[in-house]
Amino acid sequence: MPTTPLSDPTLRHDPTDVDRPTTRREFVSATARTVGAGVAILIIGDRPLAADQDGGPVIDYDPTKHHYHYVIDVRKCIGCGACVRACAKENNVPPDYFRTWIERYEISRTGGIHVDSPNGGMDGFEPRVSGEDVTKAFFLPKLCCHCTNTPCVQLCPVGASYRTPEGVVLVDEERCIGCSYCVQGCPYGSRFIHPETHTASKCTLCYHRITRGMQPACIEACPVGARMFGDTQKVGDMVAELIATENVRVLQPELLTEPNCFYLGLTGEAR
Amino acid sequence: MFEEEHRSVPCEVCHAPVTTHAESGEQIAQMAVLRSYRLCAYCHQRLRARPPSFPQVILSDHVRDKGGVLVEDVCLECHDAHDPLE
């Protein structure tokens, strides 16, 4: 996958940094270290990703050697909200904003659709009293789809929004001017303007975790295994196999965004 | 430690997100233990949108049928959180 200067993580604010913001001096030295490590890897050869590092610097991670995909099994989701709470804690998501959220769909026999998402599903759901004869109901977890053909990256007037070599769509907070074009442009509603930094914010696939061999927080939190995370460049990856063999669908395929977030058990009513 | 039913539930879902510290044997804080039925209800309260095969109850009916009273830690009177159906 070709990288442009805009998508090369080493030329940007280091997205693997857990602490923000960094000064320009730290950024330059971190970049130099990353490039140096990259050169070392080229000389020494590719080594497997260190598994489950608990914080600390990123080591032995080559972005071009991964391609991440996400699968959500709608048939399994119970709408408990553990993923929403885990994401909020892991990424310091401000209250009333969501990097991932759950929607509840209730469809009546006559075809009427009711969708709700109380506080994004963070506190779970309460039974909904309705006069209709609800015959179909399900929970639909949503997050940034990390599209291959992203509207948000195209829209960004300053190039703050970019796609990493492994397919993760990120925002460079130092370049973002908070114009919110991307918030308006995302058909999935996955972006928001952070109330404190006034920059665009969204799911990062827990980039600071996946570059250290861990899984995103929402994946770890799901108690029923409705959320799955995989690397199609990893041999024998279960999620890659699932995407290749099962009846997976994406949200709003007619928009040709080519999401990398797939769904199992998606019905026609889901948007 | 876990029997069948809650085996796939991550510790952090019910306790605080301090797994890393627990594994290293380091204690940084008191482990959060929430004994309220509201925690169990996050997953087990009956909702139309939940898969029918998933264990869920109408809490008040379930407690009444078992001859109990809906107090804060009513679930734990019968269920062991780590082995709920023993």
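Buried area is the accessible area that two parts lose on being put together, summed over both. By that count, chain B and chain A of this predicted model bury about 1,700 Å² between them. Chain A brings seven helices and eleven strands, while chain B has five helices and zero strands. Here's a quick tour, starting with the two chains and ending with a couple of covered loop residues in chain A.

**The two chains**

- Chain A has 271 residues, and 52% of them count as buried. In chain B, with its 86 residues, the buried part is 24%.
- Read from start to end, chain B goes α-α-α-α-α.
- Take the contacts in chain A with a separation of 6 or more: 64% of them are between residues 24 or more positions apart. For chain B, 41% of the contacts between residues at least 6 apart in sequence join residues at least 24 apart.
- On the outside, chain A shows about 13,000 Å² of accessible surface, with 55% of that on carbon and sulfur atoms. Chain B shows about 6,100 Å², and there carbon and sulfur atoms take 56%.

**Where the chains meet**

- The contact draws 29 residues from chain A and 16 residues from chain B.
- Of the area buried between the chains, 60% is on carbon and sulfur atoms. On the chain B side, Tyr42(B), Arg48(B) and Ala49(B) lose the most area to chain A, together 38% of what that side buries.
- There is one salt bridge across the interface. Arg48(B) makes a salt bridge with Glu106(A), and their closest N and O atoms sit 3.1 Å apart.
- Glu106(A) also has a place in the strand pairing of chain A, where its bridge partner in strand 4 is Ala137(A).

**Strands in chain A**

- Strand 4 (residues 134-143) pairs with strand 2 (residues 100-108) in the antiparallel sense, over nine bridges. Strand 4 is mostly covered, with seven of its ten residues buried.
- Strand 9 (residues 227-231) has five of its five residues buried, so the rest of the structure largely encloses it.
- Both faces of strand 9 are covered: Arg227(A), Phe229(A) and Asp231(A) point one way, Met228(A) and Gly230(A) the other way, and all are buried.
- Strand 9 runs antiparallel to strand 1, and five bridges join the two. One of the pairings puts Val71(A) opposite Met228(A), its bridge partner in strand 9.

**Nonpolar cores**

- Nonpolar side chains tend to be buried together in soluble globular proteins.
- The largest nonpolar core here has 47 residues, and Tyr70(A), Leu140(A), Leu205(A) and Tyr263(A) touch the most other members. Several elements of chain A each supply at least two residues of this core, including strand 1 (68-73), helix 2 (82-91), strand 2, strand 4 and strand 11. Helix 5 (207-210) and helix 6 (217-221) are also among them.
- A second, separate core has eleven residues, and its members include Cys80(A) and Ala217(A) from chain A along with Val13(B) and Cys43(B) from chain B.
- Which residues does Leu205(A) touch, not counting those up to four places away in sequence? They are Tyr68(A), Tyr70(A), His146(A), Val168(A), Ile210(A), Pro216(A) and Phe229(A).

**Two buried loop residues in chain A**

- Cys145(A) belongs to the loop between strand 4 and helix 3 (151-155). Its relative accessibility is 2%, so Cys145(A) counts as buried, the cut-off being under 20%.
- Beyond its neighbours within four places in sequence, Cys145(A) is in contact with Tyr188(A), Pro259(A), Asn260(A) and Cys261(A).
- From Cys145(A) to Met238(A) is 19 Å, C-alpha to C-alpha, with 93 residues separating them in sequence.
- Thr257(A) lies in another part of the chain, in the loop between strand 10 (248-249) and strand 11 (261-264). Is Thr257(A) buried or exposed? Its relative accessible area is 4%, so Thr257(A) is buried.
- Once its neighbours within four places in sequence are set aside, Thr257(A) is in contact with Cys147(A), Thr148(A), Asn149(A), Thr150(A), Pro151(A), Pro187(A) and Tyr188(A).
- Tyr188(A) therefore turns up in both contact lists, that of Cys145(A) and that of Thr257(A), with contact meaning heavy atoms within 4.5 Å.

Key: Residues are numbered from 1 along each chain as its sequence is written. Chains are lettered from A and ligands numbered from 1 in the order in which they are written. This is a predicted model: local features need pLDDT of at least 70, side-chain atom pairs count only at pLDDT 80 or more; totals for chains, interfaces and linings use all residues. Side-chain values use heavy atoms; hydrogens and water are left out. Helices (H or I, at least four residues) and strands (E, at least two) are DSSP runs, numbered from the N terminus. Buried means under 20% relative accessible area, exposed over 50%, partly exposed in between (1.4 Å probe, protein chains only). Accessible areas come from the Shrake-Rupley method with a 1.4 Å probe; for residues, only the protein chains shown count as cover. Two strands pair if DSSP finds at least two bridges between them. A nonpolar core is a set of buried Ala, Val, Leu, Ile, Met, Phe, Trp, Tyr and Cys residues joined through side-chain atoms within 4.5 Å. Buried area is the accessible area (1.4 Å probe) that two parts lose on being put together, summed over both. A salt bridge is a side-chain nitrogen of Lys or Arg within 4 Å of a carboxyl oxygen of Asp or Glu.
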